[in-house]
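Please read the following account with the sequence and the coordinates at hand. It moves from the contact between chains to individual sites within them.

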Number of protein chains: 2
Amino acid sequence: MHIMIIGGAGMLGRRVAAKLAKDGELGGKPVTALTLVDVFESAAPEGFTGTLRLERRDLSQPGVAEELVALRPDVVLHLAAIVSSEAEADFEKGYAINLDGTRALFEAIRLAGDDYCPRVVFTSSLAVFGAPLPDPIGDDQILTPLTSYGTQKAIGELLLADYSRRGFFDGIGIRLPTICIRPGRPNRAASGFFSNILREPLKGEPAVLPVDRSIRHWFASPEAAAGFILHAAALDGAALGDRRNLTLPGVCVSVAEQIEALRRVAGDQAVALIRDEPDPAIARIIESWPRSFDTKRANELGFKADASMDQIIRLHLQSEAAE
Amino acid sequence: MHIMIIGGAGMLGRRVAAKLAKDGELGGKPVTALTLVDVFESAAPEGFTGTLRLERRDLSQPGVAEELVALRPDVVLHLAAIVSSEAEADFEKGYAINLDGTRALFEAIRLAGDDYCPRVVFTSSLAVFGAPLPDPIGDDQILTPLTSYGTQKAIGELLLADYSRRGFFDGIGIRLPTICIRPGRPNRAASGFFSNILREPLKGEPAVLPVDRSIRHWFASPEAAAGFILHAAALDGAALGDRRNLTLPGVCVSVAEQIEALRRVAGDQAVALIRDEPDPAIARIIESWPRSFDTKRANELGFKADASMDQIIRLHLQSEAAE
């Protein structure tokens with residue numbers, strides 16, 4: 001089985017590749033080839049013994065999608081995207097990568113011939129939902145994105161469903177929860193603090209909390225998200241019917257509960273490093289975000305959330321220790 | 001005020017142009033210029049005294065959108081589309097016209113410069129909805145199209161909302177009810193019989209009814225639809241907020257009620273011309289279609305449905321007599 005990861009150098013792509021290399025199989029079938037595609041340099045996953053290709057390519061450039069599809073992967077994991085803040089700041093770049101890049105991939109598969117019909121996994125986003133939102137949000141929530149990124153992801157979902165219905169590929173779109181704890185340095189994304197307030201104190205560094213502690217949100221660890229992508233890759237497409245896109249389960253906690261989990265795992269001295277510094281601009285953005293979901297369909301299809309915020313923090317510590 | 005109708009030679013475009021020529025104004029402002037764009041030859045509307053341009057152009061061809069936008073219409077009515085059955089039969093043509101043509105128009109407006117920000121009216125479709133559907137369908141129904149046409153229209157809605165949110169234009173997308181009585185000859189569209197069973201008997205011709213008489217559906221006369229497009233053109237965009245797309249009110253009747261209306265207007269001898277000839281293929285398609293809607297938002301914005309199926313039939317007779 002040949003698996004291609006587009007976005008193979010990213011935070012999730014690397015984890016998915018590592019897990020495939022470690023497991024050596026997907027859905028009971030041996031993984032004999034792995035192709036990692038990214039505009040950045042991808043790293044060879046440790047211990048992979050099959051055919052490995054590291055392709056530094058930009059999907060949105062002419063001809064690239066066709067060349068990738070010519071490798072005939074059995075599974076295409078399309079994780080590559082311009083992130084929300086950049087897609088909002090740079091209108092043309094967001095549409096070029098998130099819409100045109102995705103469509104170029106879908107078109108290349110459609111036009112491949114030979115009855116080629118791979119499984120395609122597309123990572124969509126909670127940004128397809130826009131306020132006002134119920135709590136919890138069900139599987140039939142209307143998609144009314146309030147960002148260009150959310151619009152591009154919603155269009156990707158629609159294309160994925162139509163191409164799947166037509167039989168051009170066997171697609172599944174998954175709306176991942178907000179990733180927590182996001183590794184790396186603090187960034188200025190509006191959602192950054194959800195990770196910052198855990199990751200930085202765990203290292204003994206201070207962190208700023210810009211919103212009220214009562215704010216609740218929907219989380220998955222990077223490890224759970226990588227597992228979701230592979231669970232989606234191995235699902236029976238017929239079980240999806242015509243509804244090819246779904247919201248995935250997450251851990252719903254308030255900021256206060258995040259902080260209590262941090263206290264249980266790392267003690268009062270870690271919690272003391274969090275400084276409340278209200279930022280009305282960020283608070284306003286976060287106010288309009290989803291709080292929780294009723295993910296009945298994804299649950300029935302076997303997707304499983306992290307057990308708790310405590311587990312999410314422990315997974316982060318294990319992952320950091322392993323690096 | 002300069003109004004451009006893209007799809008100006010179509011069934012609705014002609015009616016909108018005729019109404020603008022007759023009224024001479026839109027939302028209280030005089031219509032000084034009218035540009036009719038179509039791949040077919042448009043006809044000059046009777047009695048229009050302003051500047052008239054008849055442009056036989058294909059929006060999906062390179063450069064055409066830019067040349068049309070260079071005329072700087074204050075209002076763009078984008079009614080042009082490949083119809084559902086053709087978009088399903090010809091995948092590439094449907095996407096080229098319904099998605100790429102629409103996007104080319106939106107992009108040309110975005111890139112026009114000079115703070116150009118026209119009102120854009122986009123005719124979407126009930127085909128954005130896919131079974132299973134509630135009855136009635138509310139304003140928050142999720143869009144799950146089951147045709148390529150419906151997918152293309154749903155993508156158009158998403159783009160329209162994002163471009164409006166960004167301030168590139170002031171857009172409104174309207175999902176028209178099924179047009180009844182559609183003028184012209186019987187066609188093989190699955191929905192054709194809704195019009196055939198009225199139009200043909202009114203001319204003394206036989207008509208075939210392929211579905212059960214209990215089937216209910218959602219209708220507007222061509223005249224009401226043309227009125228909806230002009231009502232949308234004159235609306236205050238601020239009243240729409242971020243939700244730029246809406247389902248319009250219609251007349252919900254069963255086939256049996258259509259037939260009783262025909263009896264009231266044209267007598268038993270007209271009704272006797274309808275022959276029941278069940279077609280399981282058509283019945284299956286129609287089964288999955290919407291039956292009725294709760295169009296609260298459109299009602300509040302002043303859109304008004306035809307009074308009854310009787311009125312729809314009488315409007316058809318008046319319109320035929322005038323030709």
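The paragraphs below treat the interface, then the salt bridges, then a sheet and three buried residues.

The model is a predicted one, and its description may begin where the two chains meet. On the side of chain B, 33 residues are in contact with 33 residues of chain A. The area buried between chain B and chain A amounts to about 2800 Å², and carbon and sulfur atoms give 54% of that area. Within chain B, the residues that lose the most area to chain A are Phe91(B), Ile142(B) and Leu158(B), which together account for 22% of what that side buries.

The polar part of the interface can be described in similar terms. Between chain B and chain A, 20 residue pairs are in polar contact, both residues being at pLDDT 80 or more. Three helices of chain B, namely H3 (84–89), H4 (91–110) and H5 (148–165), each supply at least two residues of the side that touches chain A. The largest share of that side, 9 residues, comes from H5(B). By residue class, the side of chain B that touches chain A divides into 15 nonpolar, 5 polar and 13 charged residues.

Side chains of opposite charge can pair when their charged atoms come close. Across the interface of chain B and chain A, 8 salt bridges are found. One example is the salt bridge in which the side chains of Arg166(B) and Glu88(A) meet, at 3.7 Å from N to O. These two residues also belong to a network of salt bridges that links Glu88(A), Asp162(B), Arg165(B) and Arg166(B).

Over all chains, the structure holds 54 salt bridges. In chain A, the side chains of Glu223(A) and Arg15(A) form such a pair, with N and O 3.5 Å apart. Glu223(A) lies in helix H7 (residues 222–234) of chain A and Arg15(A) in helix H1 (residues 11–23) of chain A, so this salt bridge ties together parts that are 208 residues apart in sequence. The partners fall into separate accessibility classes: Glu223(A) is partly exposed because its relative accessible area is 25%, whereas Arg15(A) counts as buried because its relative accessibility is 16%.

Another salt bridge of chain A joins Glu67(A) to Arg57(A), whose closest N and O atoms are 2.8 Å apart. Glu67(A) lies in helix H2 (residues 64–69) and Arg57(A) in the loop between strand E5 (51–56) and H2 of chain A, so the parts tied together are 10 residues apart in sequence. Glu67(A) is partly exposed, with a relative accessible area of 46%, and Arg57(A) is partly exposed as well, at 23%. A further pair consists of Arg291(A) and Glu287(A), with closest N and O atoms 3.6 Å apart. Arg291(A) has a relative accessible area of 22% and is therefore partly exposed; Glu287(A), at 48%, also counts as partly exposed.

Chain A also contains an open sheet of 3 strands in the order E9-E11-E13, with mixed pairing. Its edge strands are E9 (178–179) and E13 (251–254), each of which pairs on one side only. Strand E11 (residues 216–220) of chain A runs antiparallel to E13(A) and is joined to it by 4 bridges. Phe219(A) has Val251(A) in E13(A) as its bridge partner.

Also in chain A, Ser124(A) is found in strand E7 (residues 119–125). Ser124(A) is buried because its relative accessible area is 6%, below the cut-off of 20%. The side chains of Ser124(A) and Glu157(A) are joined by a polar contact of 2.6 Å. Beyond four places in sequence, Ser124(A) touches Lys153(A), Glu157(A), Ile174(A), Arg175(A) and Leu176(A).

Two buried sites of chain B complete the account. Pro249(B) occupies the loop between strand E12 (245–247) and strand E13 (251–254) of chain B, and is buried with a relative accessible area of 6%. Pro249(B) and Thr295(B) are 46 residues apart in sequence, while their C-alpha atoms are 5.7 Å apart in space. Setting aside residues up to four places away in sequence, the residues that Pro249(B) touches include Trp218(B), Phe228(B), Thr295(B) and Phe303(B). Ser254(B), placed in strand E13 of chain B, is counted as buried because its relative accessibility is 9%. With the same sequence neighbours left out, Ser254(B) touches Arg213(B), Ser214(B), Ile215(B) and Arg216(B).

Technical notes:
Residues are numbered from 1 along each chain as its sequence is written. Chains are lettered from A and ligands numbered from 1 in the order in which they are written. This is a predicted model: local features need pLDDT of at least 70, side-chain atom pairs count only at pLDDT 80 or more; totals for chains, interfaces and linings use all residues. Side-chain values use heavy atoms; hydrogens and water are left out. Contact means heavy atoms within 4.5 Å. Buried area is the accessible area (1.4 Å probe) that two parts lose on being put together, summed over both. A salt bridge is a side-chain nitrogen of Lys or Arg within 4 Å of a carboxyl oxygen of Asp or Glu. A polar contact is a pair of N or O atoms within 3.5 Å; within protein, one must be able to donate a hydrogen and the other to accept it, and residues adjacent in sequence count only if both atoms are side-chain atoms. Ala, Val, Leu, Ile, Met, Phe, Trp, Tyr, Cys and Pro count as nonpolar, Asp, Glu, Lys and Arg as charged, and the others, Gly among them, as polar. Buried means under 20% relative accessible area, exposed over 50%, partly exposed in between (1.4 Å probe, protein chains only). Two strands pair if DSSP finds at least two bridges between them.
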